[in-house]
Amino acid sequence: MAEVNGHASQSASTERIQIVDDEKTFTSELTGQIERWGLRDSGFNYNIVAVFGSQSTGKSTLLNRLFGTTFDVMDETRRQQTTKGIWMCRGRDMGVMVMDVEGTDGRERGEDQDFERKSALFSLASSEVLIVNMWEHQVGLYQGANMSLLKTVFEVNLGLFGKKQMDGGRTLLLFVIRDHIGQTPLANLQATLVADLNRIWDTLSKPDDLKDRKLSDYFDLAFTALPHKILVPEKFELAVLSLRKRFTDKSNPDYLFKSAYHKRIPADGVAFYMQNIWEQVQSNKDLDLPTQQELLAQFRCDEISAGALAEFNEQAKSQKRPVESGRVVEGLGELMKNWRTRALTRYDRDASRYHKGVYTRKRADLVSVIDSTLSPLFLGQLKNLHKLAVVAFKQDLLNGLKGDNYDFAEVVTKATKKCEETFSTGAKEALVEGTDWNWEDELEVIKEEIRGVADQCRKDETKKMINQIERNVKKIISEPVEIQLSKPSSEMWDSVLTTFKETLAKAEATYLAKAKSFNCTEQENVTSLAALRKRSWIVLRNKIEEQTADQVLLGKLRAHFEEQFRYDDQGVPRVWKPEDDIDGAFKKAKEETLELVPLYSRIKPLDSSLEFVLEDDASDDLANEEFEFSSSLVVLSETKCLDLINKFRRDADAYYVEAKRSTVSSIAQIPYWMYGVLVVLGWNEAMAVLFNPLYFTFLLFGVATAYMIIQLGLTGPLLQVTKSVAGEVQKQATQKLREVLTADAAAPQPTQTDRTSTSRQSSRQSSYFDEDSEIELKERVQ
Ligand SMILES: Nc1nc2c(ncn2[C@@H]2O[C@H](COP(=O)(O)OP(=O)(O)OP(=O)(O)O)[C@@H](O)[C@H]2O)c(=O)[nH]1
């Protein structure tokens, strides 16, 4: 077979495609290419083969010869890598997709073994037959024969696809030994390789559930040797031809594409299937063994990151305490941005020179640590802003609701807007770009909270307003009701209720006018008005209670009785004469007065339209006291009425007796003949006084003095002076008497003979002395 040069013109059926490029990106054009190869509709009637082996071991040459593919082959004069990435080509005149894979131990990639691991694993997992290409002299070498690479690949393959491959999809590992001179028979080489592979398999770290799996559970092994291409080209070609037959001739007993190796993926899904495998292989961390540069980069990037972080932490610490203590730190967002930028700039400056991947990864770690340190500050600041905004909101409400001329809704809207603005401004300032922090949720919490505060405030204000209106009602009805109840008449309750209803109507109008600005709901208005009616009624009821208290009502009855009994029709006080009909007048006045008791006992107007009705079940959270309207209409209970009547009767009887007595006293005057008797009996004494000049002078003097005193209005003062003088005289006399008695007590001891009389005397004295007198006496002696 003629060697096909990659640069030669290719027919569409053998056009090759790079499925994974240098940057490890999987092509998006494989589907289209499979279609161009004419394999799209071949169902399961296709095979996939790949090659694995060190660089420049004649892999492309072999594939081109075996399958008639058009892979690039290295120029014989320059030993340099030709295959980069993974290429795929359709076998000429056969339904085989052949993958030429970049060689291992690539000089060009240096220490970066990442690609060779991934490409080997990809080939192993996706193809039916994997040709392991090696020089004869590589057999038995651990590194040279890629055994360490195979170990890693087996291990990851087991982890990733081990379970799936158990259900089917075994793979054939076809070892092709190149430049076989023949000194060592193939059987020996084969034995060495099998021993190596089993050893590798035994030392694999397998998943727990696949611990007992053997190499043969997953792989079939086949071995073949090719003679030296340069030294014995004919033999080489013949051997290749015979190997080719094993791929093409199904009747060949050594046919290699056994159905057991088929992955059972329809041809039109192969592109997608392979892409998936590549993605799994790519994202597998077990393959990412660091190179020396990476190790160095990790070390240095960690160091640089720690330095930047130390400075950053110091700065962040300075604001931790103020924020935790509940203070809103002015310009915190700006500060945080500065610390963050400073730390990242410092890291970027020093670390960006190292391995790109490591630098980027470590930078992401640094950003995450910085953000997680700043996040509590941000959240703390939000919390403090929240508190501040709500406090300001409450203060604004307080200030706005001062006085009487405020519009509640307006005050609340203004305060709400200000509160939200305060918070949003502060929160936006605290936000650091590049983070996923959010403050909108907190704003929602605030909105909810201030809605609650405003609602409570509205309820309090409504309560206050109702209390105020209640006080006004009390003030307004107090006097007129008192007057109306003092003038008992059959229309007394009509006038009381008229006053009450008028006042209540005004109160309700006042409430409704105010309630508008409170944004009260219809239900709230209904409740509040019911409360207002109830409270007003209670106010009236209390006033009535006060005016019908025992003594007050008794006073009223007495006054009414007196009016009827002691005054005549013209309102002039009556002076009872014996001929007057006291009994009749008394009876009439008493009966009329007693009729008032039932009138007072129940609130019942003559005009039924004036009756006031209050629903007992009117819900009222403003006035919770126990209250029953129907019973509130009863002012005096029956027992109380009887009690009052009895008390009043006693009073009335007293008036009656007094009236009677006044007639008796007017009857009991001194009879006129008594004056005659007086003149007759006192004639001599009168004459004696008249005719004795001394007596007469005294009489004249006495009469004149009395006349003057009366004329000058000095009767009162004179009586006062007389009383004082008499009092003083009495005091002096007592004093003198005490002195006399004290002198007696201080006299020498009486003789034995006098003792009896003295003891008698002292016992008498002791009766004069009380304890105070003794103390006074002692003081005087001293
Ligand atoms: N001695 C010897 N040389 C060979 C054999 N097959 C191919 N070569 C030569 O080895 C060189 C490399 O051949 P390639 O087929 O490009 O090798 P490769 O493994 O595909 O190379 P890369 O794709 O770069 O890894 C070429 O100069 C071939 O002529 C062989 O069986 N024996």
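Strand 6 (residues 171-178) and strand 7 run parallel and are joined by 7 bridges in this predicted model. Strands here are DSSP runs of E with at least two residues, helices are runs of H or I with at least four, and both are numbered from the N terminus; two strands count as paired if DSSP finds at least two bridges between them. Within this pairing, F175 has F223 of strand 7 as its bridge partner. Strand 7 itself covers residues 219-225, and 5 of its 7 residues are buried, where buried means under 20% relative accessible area, exposed means over 50% and partly exposed lies in between (1.4 Å probe, protein chains only).

A helpful residue to look at in strand 6 is L173. With a relative accessible area of 0%, L173 is buried. Beyond its neighbours within four places in sequence, L173 touches L124, L130, F154, F219, D220, L221 and A222, a contact being heavy atoms within 4.5 Å. L173 and V132 stand 41 residues apart in sequence, yet their C-alpha atoms are 6.6 Å apart in space.

Two notes on reading the model may help at this point. Residues are numbered from 1 along each chain as its sequence is written, and side-chain values use heavy atoms, with hydrogens and water left out. Because the model is predicted, local features need pLDDT of at least 70 and side-chain atom pairs count only at pLDDT 80 or more, while totals for chains, interfaces and linings use all residues.

Strand 4 (residues 96-101) is another enclosed element: 6 of its 6 residues are buried, so the rest of the structure largely encloses this strand. In a regular strand the side chains alternate between the two faces of the sheet. In strand 4, V96, V98 and D100 point one way, M97, M99 and V101 point the other way, and all are buried. Strand 2 (residues 47-53) runs parallel to strand 4 and is joined to it by 4 bridges, with A50 partnered by M99 of strand 4. Strand 3 (residues 86-90), in contrast, pairs with strand 4 in the antiparallel sense over 5 bridges; here R90 has M97 of strand 4 as its bridge partner. Strands 3 and 4 form a hairpin with 5 residues between them, and D93 in the turn has a positive phi of about 55 degrees.

Turning to the helices, helix 11 (residues 332-351) has 20 residues, which at 1.5 Å a residue should span 28 Å; the C-alpha atoms at its ends are 28 Å apart, in agreement with this. The expected span is taken as 1.5 Å times one less than the number of residues. The buried residues of helix 11 are L332, G333, M336, W339, R340, A343, L344, Y347, D350 and A351. Seen down the axis of helix 11, these buried residues fall within an arc of 160 degrees, so they line one face of the helix; the arc is that of the directions from the helix axis to the C-beta atoms. An α-helix has 3.6 residues a turn, so residues three or four places apart point the same way.

The structure also holds 24 aromatic pairs. Rings of Phe, Tyr and Trp (its six-membered ring) pair if their centres lie within 6.5 Å; planes under 30 degrees apart are called stacked, over 60 edge-to-face and the rest tilted. One such pair is F500 with W537, edge-to-face at 5.6 Å centre to centre and 75 degrees between the planes. This pair links distant parts of the chain, with F500 in helix 15 (residues 492-515) and W537 in helix 16 (residues 522-547), 37 residues apart. Both F500 and W537 are buried. W537 also pairs with F629 in a tilted arrangement, at 5.2 Å centre to centre and 55 degrees between the planes. Here W537 in helix 16 is linked to F629 in helix 20 (residues 629-632), 92 residues apart. The relative accessible area of W537 is 1%, and F629 counts as buried at 6%. Elsewhere, F561, F565, F586, F648, Y655 and Y656 form one aromatic cluster.

Taken as a whole, the protein chain has 27 helices and 7 strands, and buried residues make up 40% of its 782 residues. Among its contacts between residues at least 6 apart in sequence, 77% join residues at least 24 apart. The mean pLDDT of the chain is 82, and 86% of its residues reach 70 or more; pLDDT is the predictor's confidence in each residue, from 0 to 100. Over residues 1-10, pLDDT stays under 50, and the model has 19 contacts beyond four places in sequence for them. Where pLDDT is low, the predicted coordinates should not be read in detail.
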